[in-house]
Amino acid sequence: MLRTFAQHRIRTVASLDGWWDFTLGDAKRPPRRYDRQLHCPATWESTPGLENYRGVAWYRNAVSLDGQANLRLLFGGVSHTADVYLGDAHVGHHYDAFTPFEVLLPATKAGDHTLSLRVDNTFGDHSALHKENDYYTYGGITRPVELQIVPDLYLAAIYASPSRRGKSWDLELSVEVANLSDQAATRRVVVEVADQIVDLGEANVPAGEVVAYQATVTRLAVNPWTMQSPALYEVQAVLLDGDEPVDDLIDRVGFREVAVRGKKLLLNGEPIRLRGFNRHEDYAQLGCAVPKDVMVRDLLQMQDLGCNFVRTCHYPNDMRFLDLCDEMGFAVWEESHARNIPFDTPMFDEQMETNTREMVLWHWNHPSILMWGCLNECDSVTKAGAKVHERVLKQLKDLDPHRPVTFASNKDVRDLALKHVDIVSWNRYDNWYGSRDPAEALKEVLKWLDSPRSGGKGKPVIMSEFGAGAIPGWRAPHRDRWTEEYQCDALDTLLECYLHHPRICGAAIWQFCDVRLTKAWWQTRPRNMNNKGVVDEYRRPKLAYATVKRKMHEAIAKWDK
Ligand code: ADA
């Protein structure tokens with residue numbers, strides 16, 4: 001399943017997780033011969049012998065239909081480019097490992113069919129977001145796959161947007177109904193949420209179109225979603241043909257409102273302080289195909305440390321992880337896919353726009369997502385680069401006016417894009433790449449920030465990255481860089497500064513776990529890993545785990561009383 005809960009009780013859904021035929025090779029058409037099988041979801045790098053394969057591979061599965069049907073294939077994530085074939089017919093294409101996508105196959109005939117995927121994880125002009133980087137781009141069907149059978153008119157999406165009205169809540173609903181047939185058709189749309197039945201009326205959808213139907217439910221007496229008590233409510237849309245339910249779609253909503261007021265970040269009208277980690281999707285030999293049980297344990301470790309915040313550096317995350325954050329009361333900063341990438345590559349504009357849009361629309365209902373981010377440490381120092389920041393941040397705001405927007409900058413006082421954010425976010429490594437006192441450095445940059453020329457005057461500030469490297473098990477009395485002792489000392493100083501500073505409303509350590517990176521980074525990355533995790537790639541705590549736990553709990557004692 002692509003979620004931690006069932007999204008259908010009426011619609012026919014089958015999981016395609018499990019064995020897929022597999023073969024290497026960059027054939028342009030579905031091959032006839034496959035030389036092995038892979039158990040998906042998985043990275044192909046977790047298969048012995050393929051640990052370093054960067055190239056193209058093919059996957060094949062069988063689909064048998066008793067009768068003609070409309071098929072809807074749902075992919076949680078394929079890394080990093082998928083071309084989908086039914087038989088020899090090319091039926092779908094998707095770029096980027098980190099956003100879901102669907103392939104619609106209307107009126108597929110009864111009988112046996114072959115479903116094939118051409119998967120490519122190579123770098124080059126065809127890929128603006130996946131490139132040589134300080135994290136690894138894996139290959140494969142890396143998130144769950146579902147095969148659904150949908151009626152001619154089916155429920156394509158639900159967007160639920162809560163807003164606070166004193167002690168009660170309103171809920172704006174938008175339900176999209178798609179018509180796969182060549183005839184206009186009519187169905188009734190009914191939504192059930194928080195024991196209320198909302199009749200959205202007749203959906204008369206022209207052939208081949210998707211139409212959104214809106215309604216606002218007012219004065220719902222519900223429990224709010226808070227980080228201490230993350231109440232969730234099912235939103236079930238049902239499509240009726242007369243009185244007969246013919247399709248359904250279930251999502252979840254948390255009644256919470258996030259806002260910026262002056263220098264504060266508010267949740268349900270109350271100022272909050274966020275403390276936690278940057279977390280890459282990467283786990284030892286399994287790479288970015290992180291099993292749900294590991295996602296749970298990652299969040300349990302963060303809870304144990306006293307954290308309430310996670311940044312999905314540097315890309316949209318698996319919806320199951322976001323579901324777990326909804327269920328466990330974590331605040332999430334989710335960002336579209338970009339880490340220090342140039343803007344002048346051939347596919348950048350198109351791939352950035354698509355990835356940003358897909359992130360917002362697929363992840364809309366997650367109450368844990370409190371802010372949208374983008375463009376990590378990209379060019380915000382030239383006028384042209386600042387214009388790109390303005391464009392992507394505007395796209396985020398236009399898509400979703402309910403959440404503040406930000407980007408993580410390492411440009412210090414040279415930044416030209418802070419006027420376009422709701423929250424100023426800084427990546428600083430004063431006592432790792434430099435040897436400055438973080439408190440002094442922060443004092444200096446805050447002075448600049450609160451001058452009229454910065455563009456960020458009076459805005460909330462999040463320290464979005466800070467930390468130090470520690471090679472797991474490397475301990476030495478000299479406590480120099482790369483020792484676990486150095487990481488303890490550095491994080492003690494950094495957390496003392498950032499968790500208690502009145503002008504800072506959030507702090508995310510770089511980073512939760514050690515992660516693999518691509519070959520070009522080997523010179524500055526022992527083990528060919530980014531070793532700034534507080535736990536290693538197997539989630540084994542380093543010495544700094546105890547330091548972080550102590551500092552986070554000191555902050556809780558001070559701020560969360
Ligand atoms: C940057 C970047 C991170 C990571 C970090 C580091 O801040 O945003 O992805 O590369 O540096 O470890 O140096």
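Biologist: Which strand holds Leu153?

Modeller: Leu153 belongs to strand 13, which runs over residues 153-165, and I should say at the outset that this is a predicted model.

Biologist: Why is Leu153 called buried?

Modeller: The term applies to a relative accessible area under 20%, and Leu153 has a value of 2%, so the residue is classed as buried. Leaving out residues up to four places away in sequence, Leu153 touches Val177, Ala178, Asn179, Ala185, Thr186, Arg187, Ala203, Val205 and Leu239.

Biologist: How far apart are Leu153 and Met359, in sequence and in space?

Modeller: They are separated by 206 residues in sequence, and their C-alpha atoms are 25 Å apart in space.

Biologist: What makes Val119 a buried residue?

Modeller: Val119, which lies in strand 10 (residues 111-120), has a relative accessible area of 0%; the limit is under 20%, and therefore Val119 counts as buried. Apart from neighbours within four places in sequence, the contacts of Val119 are Trp44, Gly55, Val56, Ala57, Tyr59, Val78, Ser79, Thr81 and Gly140.

Biologist: What separates the C-alpha atoms of Val119 and Ala185 in space, and what separates those of Thr122 and Val56?

Modeller: Val119 and Ala185 are 66 residues apart along the chain, and 37 Å lies between their C-alpha atoms. Thr122 and Val56 are also 66 residues apart along the chain, yet their C-alpha atoms are separated by 7.4 Å. Thr122 is placed in the loop between strand 10 and strand 11 (140-141), and, with neighbours within four places in sequence set aside, Thr122 is in contact with Arg54, Gly55, His80 and Ser127.

Biologist: How do you know that the radius of gyration of the protein chain agrees with that of a compact globule?

Modeller: For 561 residues, a compact globule would have a radius of gyration near 24 Å, and the protein chain has 24 Å, so the two agree. The C-alpha trace spans about 70 × 60 × 45 Å along its principal axes, and buried residues make up 61% of the 561 residues. Of the contacts with a separation of 6 or more, 71% are between residues 24 or more positions apart. The secondary structure of the chain comes to seven helices and 32 strands.

Biologist: What does the chain expose, and how are its charged side chains distributed?

Modeller: The protein chain exposes about 21300 Å², of which carbon and sulfur atoms supply 52%. There are 68 positive and 77 negative side chains, with the centres of the two sets 7 Å apart.

Biologist: What makes helix 6 mostly covered, and which elements cover its buried residues?

Modeller: Eleven of the 15 residues of helix 6 are buried, and on that count the helix is mostly covered. Those buried residues are Glu484, Glu485, Tyr486, Gln487, Cys488, Ala490, Leu491, Leu494, Leu495, Cys497 and Tyr498. Their cover includes helix 5 (438-449), strand 29 (461-465), strand 30 (504-509) and helix 7 (544-559).

Biologist: How does the span of helix 6 compare with the span expected at 1.5 Å a residue?

Modeller: Helix 6, formed by residues 484-498, reaches 21 Å from its first C-alpha to its last, which is close to the 21 Å expected.

Biologist: Why is Asp96 called buried, whereas Arg527 is called partly exposed?

Modeller: Asp96 has a relative accessible area of 0%, and because buried means under 20%, Asp96 is buried. Arg527 has a relative accessible area of 36%, and since partly exposed covers the range between the 20% and 50% limits, Arg527 is therefore partly exposed. Each has a positive phi without being a glycine: phi is near 105° for Asp96 and about 65° for Arg527. Asp96 is found in the loop between strand 8 (89-95) and strand 9 (101-108), while Arg527 lies in the loop between strand 31 and strand 32 (529-530).

Biologist: What is omega for the peptide bond that joins Cys40 and Pro41, and for the one from Trp510 to Gln511?

Modeller: The bond between Cys40 and Pro41 is cis, with omega about 0°, and the bond from Trp510 to Gln511 is cis with omega near 0°. Pro41 has its place in the loop between strand 3 (36-40) and strand 4 (56-65), and Gln511 is found in the loop between strand 30 and strand 31 (515-516).

Terms used: Residues numbered from 1 in each chain as written. Predicted model: local features only at pLDDT ≥ 70, side-chain atom pairs only at ≥ 80, totals over all residues. Heavy atoms only, no water. Helix = DSSP H or I, 4+ residues; strand = E, 2+ residues; numbered from the N terminus. Rg over C-alpha atoms; globule rule 2.2 N^0.38 Å. Buried < 20%, exposed > 50% of the residue type's maximum accessible area, 1.4 Å probe, protein only. Contact = heavy atoms within 4.5 Å. Areas by Shrake-Rupley, 256 points an atom, 1.4 Å probe, with all protein chains shown as cover. Lys, Arg positive; Asp, Glu negative; His and termini not counted. Charge placed at Lys NZ, Arg CZ, Asp CG, Glu CD. Expected span 1.5 Å × (residues − 1).
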